[in-house]
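This briefing is intended for a reader at the bench who has the sequence and the coordinates to hand. It treats backbone geometry and the surroundings of the ligand.

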Amino acid sequence: MRLHEAKRDLYRRLAKEQGYRSRAAFKLIQANERFRFLRKGFRVVDLGSAPGGWVQVASHAVGDSGFVVGVDIHDIRVRGPNIKGILMDVNGEKLVEAVLAALRGAKADVVLSDLAPSVSGVWELDQGAQADLTLRALDLSESLLRADGSGFFKLFEGERSQEVRDEFRRAFRAVHTLKPAASRSVSSELYYYCEGWKPGVRAPDDSEAKLSGPASRPRP
Ligand SMILES: C[S@@+](CC[C@H](N)C(=O)[O-])C[C@H]1O[C@@H](n2cnc3c(N)ncnc32)[C@H](O)[C@@H]1O
């Protein structure tokens, strides 16, 4: 058995033993051990959250005084008093409204995104689609994330990744790249812990830019 297969099997077994819905749970555990961005009482929005491993980790980390909203087109098979699952596409028109209602009008302290498309097998297409989903998570952060909040995003390495990294750097004060041990080395995914959300950098700019062209886009 190859090393990456052994690693996949190890985390699959650990997930089963510890009652996590997915082995992805360990990626978030390992990232949070390093950066400590999930804290007691925090409100967390998890985009692309099925089957629910990250929701379980976040729910435990924020405790009874915190709250976790998971969004996916598939059912999040995790229930709990501090969890709300929303069965919706991240591009859905009513999504912001539904998430803010679940958070009782308050914005989140942390936005997580493990969004990934169903893999077509054509790498350029898959990487492009994943980059678009991640940019969508950033756009949603404009409506859902509080000023100075943090983000934790998955991004596939490829032709579009520099463009997305530039957007992370524009929208956050500091950006840290990591490859959690639970992420297989053969996978092209990397994770980005981004701290210090700067509201207004993305969406208002973008809508203005559409009206008056890129020259009017203010630099951060
Ligand atoms: C890698 S999985 C997430 C695993 C999850 N973090 C966990 O711990 O169980 C990626 C998820 O992104 C979701 N997804 C992909 N495109 C989506 C979209 N447009 N809207 C909502 N969810 C989407 C998929 O349905 C899939 O469940």
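The points below concern a predicted model. They cover a cis peptide bond, two residues with positive phi and the shell around the ligand.

**Cis peptide bond**
- The peptide bond joining A50 and P51 is cis, with omega at about 5 degrees.
- P51 belongs to the loop that runs between strand 1 (43-47) and helix 3 (53-62).

**Positive phi at R36**
- Although R36 is not a glycine, its phi is positive, at about 55 degrees.
- R36 is placed in the loop between helix 2 (25-35) and strand 1.
- R36 counts as exposed because 9 other C-beta atoms lie within 10 Å, where the cut-off for exposed is 12 or fewer.

**Positive phi at R104**
- R104, likewise a residue other than glycine, has a positive phi near 55 degrees.
- The loop that holds R104 lies between helix 4 (95-102) and strand 4 (108-113).
- With 8 other C-beta atoms within 10 Å, R104 is also exposed.

**Shell around the ligand**
- The ligand is surrounded by 23 residues, of which S22, A24, G48, G53 and D114 come nearest.
- Helix 3 and strand 2 (67-72) are the elements that contribute two or more residues to this shell.
- By class, the shell residues comprise 12 nonpolar, seven polar and four charged.

Conventions: Residues numbered from 1 in each chain as written. Predicted model: local features only at pLDDT ≥ 70, side-chain atom pairs only at ≥ 80, totals over all residues. Helix = DSSP H or I, 4+ residues; strand = E, 2+ residues; numbered from the N terminus. Buried ≥ 20, exposed ≤ 12 C-beta atoms within 10 Å, placed from the backbone. Near = placed C-beta within 6 Å. Nonpolar A, V, L, I, M, F, W, Y, C, P; charged D, E, K, R; others polar.
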